[in-house]
Every structure is written in C-alpha cells, then in structure tokens.
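The report below describes a single protein chain, moving from individual side chains to the core, the pockets and the overall fold. Please read it alongside the sequence and the structure shown here.

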Amino acid sequence: GAVQETLADLAAYTYAQGALVASVSALFEAGEDPGLEASIAKAWASDVLNKLAADAVQKHGGYGFITEYVVTHFKQDAEVMTKFEGANEIHYSQVIASLALKYLQEHIWGKGKTLLAEWEVPEDDPLAAEVAAVKRAAMTIEQKGQELIERFGGLREALKVAKTNQSDFMAWGKIVAKLCAMVATINRTRHRRELHLETTQEHDM
C-alpha cells in the first residue's frame with residue numbers, strides 16, 4: 001500500500017544519501033578537493049530529505065500539522081537544510097553545473113574519453129544491469145552538457161551566463177547530482193557485497 005511504498009522510498013533514499021556522503025568523506029581523507037561532490041551531497045541529499053519529510057507529513061494526515069508530533073518539526077528542519085550553506089538552486093545552477101562542465105571539458109572530453117567509460121564490472125556481477133543503465137544515463141548527461149556549451153558559444157561563455165540563465169543550468173545540475181548519487185549507491189552496494197557485510201556491520205566500521 002501507500003504507506004509501505006513511502007517506507008520503501010525512505011529506506012532507499014537514506015541508503016543513497018549515506019553512500020553519497022561516504023564518497024565525499026573518502027575524497028577528503030584522500031586529500032583531494034571534493035568541491036563538486038560536496039556541493040552535490042549538500043543539494044541532492046537535502047532535497048531528498050525535504051521530499052521524505054513531506055511524504056511523512058502527508059501519511060500522518062491532519063496529525064502531521066500538530067506540533068506535538070515529531071514529524072511536524074522534522075519537516076520544518078528539512079526545509080531549512082535546502083537553504084543553509086547556499087540555496088540548492090544556486091548549488092545546482094552555479095556550482096554543480098559549472099564545476100561539472102569544467103570537469104568534463106578538462107578530464108573527459110579533453111582527453112578523448114567518455115564519462116564512466118572506465119567503470120567496468122564483470123558480466124555476471126549482480127549489479128551489471130544497474131551499472132549499464134547508469135552508464136547510458138551518463139551518455140545523456142554528456143550530450144546535454146555539450147549542448148549547453150555549444151548553445152552559448154563555448155565553455156567560458158556558458159559559465160558566464162550561468163548566473164543569468166539559471167533554469168537550464170539548474171536542470172542539468174540536478175541530473176548530474178542524481179547520476180553521482182546512483183554511482184555512489186552502486187559502489188557502496190558492491191563494496192558491501194565484496195566484504196560480505198550487512199548494513200549494521202558496515203555502520204559499526
């Protein structure tokens with residue numbers, strides 16, 4: 001039923017949020033600059049948190065608006081997270097989109113590569129189909145990114161208009177964030193399978 005679906009979404013999105021945050025932490029620990037990934041984690045995870053909080057209020061019906069219920073305060077806190085440390089709209093349109101375009105230009109297209117081309121798993125891997133689906137999504141994201149650059153006459157010009165043409169860049173930034181969340185989720189799951197870990201064991205580590 002509807003409640004079960006909401007709980008399933010809660011579990012799935014929470015798992016994905018944890019995977020994304022863990023991937024950013026790994027970059028920090030490795031001494032790398034995770035500016036793009038950190039912005040994605042902030043914006044995407046807080047958007048998801050806001051959605052899950054709204055779903056929780058909805059499932060409580062009228063009780064969801066009574067202050068004696070924790071879910072009411074949870075929804076208020078969730079809304080704040082999309083605005084603190086930069087509104088999510090700014091993250092998507094001016095940080096994520098800009099940094100992702102620069103990354104693609106310098107590290108992917110500039111070297112004659114395609115996004116996620118080196119992300120390979122054995123054909124008999126239980127997640128092989130998911131990896132293939134994400135790689136197809138990456139191809140679409142690359143295409144849309146190239147279209148943005150061509151529309152504005154080059155990367156430098158595109159980055160200049162990102163502040164005044166937020167809608168196009170925000171839409172692209174959002175799908176980039178979703179892609180990163182999917183990649184992090186699959187990598188987390190494969191890591192757990194390789195170590196034969198249950199979720200609680202992974203948390204303890």
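Asn 88 belongs to helix α4, and in this predicted model the residue is buried, with a relative accessible area of 2%. When neighbours within four places in sequence are set aside, the contacts of Asn 88 are with Lys 42, Ala 43, Ser 46, Asp 47, Met 81 and Thr 82. The value of 2% falls under the 20% cut-off, so Asn 88 is classed as buried.

A second buried position is Leu 148, which sits in helix α5 and has a relative accessible area of 4%. Not counting residues up to four places away in sequence, Leu 148 touches Ala 158, Asp 168, Phe 169 and Trp 172. One of these partners, Trp 172, is 24 residues from Leu 148 along the chain, and the C-alpha atoms of the two are separated by 8.9 Å.

**Aromatic pairs**

How many aromatic pairs does the count come to? The count comes to two aromatic pairs, and they are set out below.

| Pair | Centre to centre | Angle between planes | Class |
|---|---|---|---|
| Tyr 13 and Trp 44 | 6.2 Å | 50 degrees | tilted |
| Phe 152 and Phe 169 | 5.7 Å | 25 degrees | stacked |

Tyr 13 is in helix α1 and Trp 44 is in helix α2, so this pair ties together parts of the chain that are 31 residues apart in sequence. The two rings of this pair fall into separate burial classes, since Tyr 13, at 29% relative accessibility, counts as partly exposed, whereas Trp 44 is buried, with a relative accessible area of 10%.

For Phe 152 and Phe 169, the planes lie at 25 degrees, so the pair is stacked. This pair also links distant parts of the chain, with Phe 152 in the loop between α5 and α6 and Phe 169 in helix α7, 17 residues apart. Phe 152 and Phe 169 are both buried.

**The nonpolar core**

In soluble globular proteins, nonpolar side chains tend to be buried together. The largest nonpolar core in this model has 44 residues, and the members that touch the most others are Trp 44, Leu 116, Phe 169, Trp 172 and Leu 179. At least two residues of this core come from each of α1, α2, α4, α5, α6 and α7, and α7 gives the most, with nine residues.

Leu 116, one of the members that touch the most others, is in contact with Val 134, Lys 135, Ala 138, Leu 179 and Val 183 once neighbours within four places in sequence are left aside.

**The pockets**

The largest pocket holds about 1300 Å³ of space. Its lining is made up of 43 residues, and those nearest the centre of the pocket are Leu 27, Glu 37, Tyr 103, Cys 180 and Val 183. The elements that give two or more residues to this lining are α1 (2–29), α2 (35–60), α4 (88–108) and α7 (166–194), and the largest share, nine residues, comes from α7. By class, the lining of the largest pocket divides into 27 nonpolar, seven polar and nine charged residues.

The second largest pocket has a volume of about 210 Å³. Among the residues that line it are Tyr 13 and Trp 44, together with Asp 9, Asp 47, Lys 51 and Lys 178, and the elements giving two or more residues to this lining are α1, α2 and α7. The lining of the second largest pocket comprises seven nonpolar residues, one polar residue and four charged residues. Tyr 13 and Trp 44 therefore appear both in the lining of this pocket and in the tilted aromatic pair that ties α1 to α2.

**The chain as a whole**

What does the protein chain contain in the way of helices and strands? There are eight helices and zero strands, and along the sequence the pattern reads α-α-α-α-α-α-α-α. The C-alpha atoms fill a box of roughly 55 × 45 × 35 Å, taken along the principal axes. The chain has 205 residues, of which 37% count as buried. Among contacts between residues at least 6 apart in sequence, 68% join residues at least 24 apart.

Technical notes:
Residues are numbered from 1 along each chain as its sequence is written. This is a predicted model: local features need pLDDT of at least 70, side-chain atom pairs count only at pLDDT 80 or more; totals for chains, interfaces and linings use all residues. Side-chain values use heavy atoms; hydrogens and water are left out. On a 1 Å grid over the protein atoms alone, a cavity is a set of points where a 1.4 Å probe fits but cannot get out, and a pocket is an open set with protein on both sides within 12 Å along at least five of seven lines; lining residues have an atom within 4 Å of a point. Grid points are joined across faces, edges and corners, and a volume is the space filled by probe spheres set on the points. Helices (H or I, at least four residues) and strands (E, at least two) are DSSP runs, numbered from the N terminus. Ala, Val, Leu, Ile, Met, Phe, Trp, Tyr, Cys and Pro count as nonpolar, Asp, Glu, Lys and Arg as charged, and the others, Gly among them, as polar. A nonpolar core is a set of buried Ala, Val, Leu, Ile, Met, Phe, Trp, Tyr and Cys residues joined through side-chain atoms within 4.5 Å. Buried means under 20% relative accessible area, exposed over 50%, partly exposed in between (1.4 Å probe, protein chains only). Contact means heavy atoms within 4.5 Å. Rings of Phe, Tyr and Trp (its six-membered ring) pair if their centres lie within 6.5 Å; planes under 30 degrees apart count as stacked, over 60 as edge-to-face and the rest as tilted.
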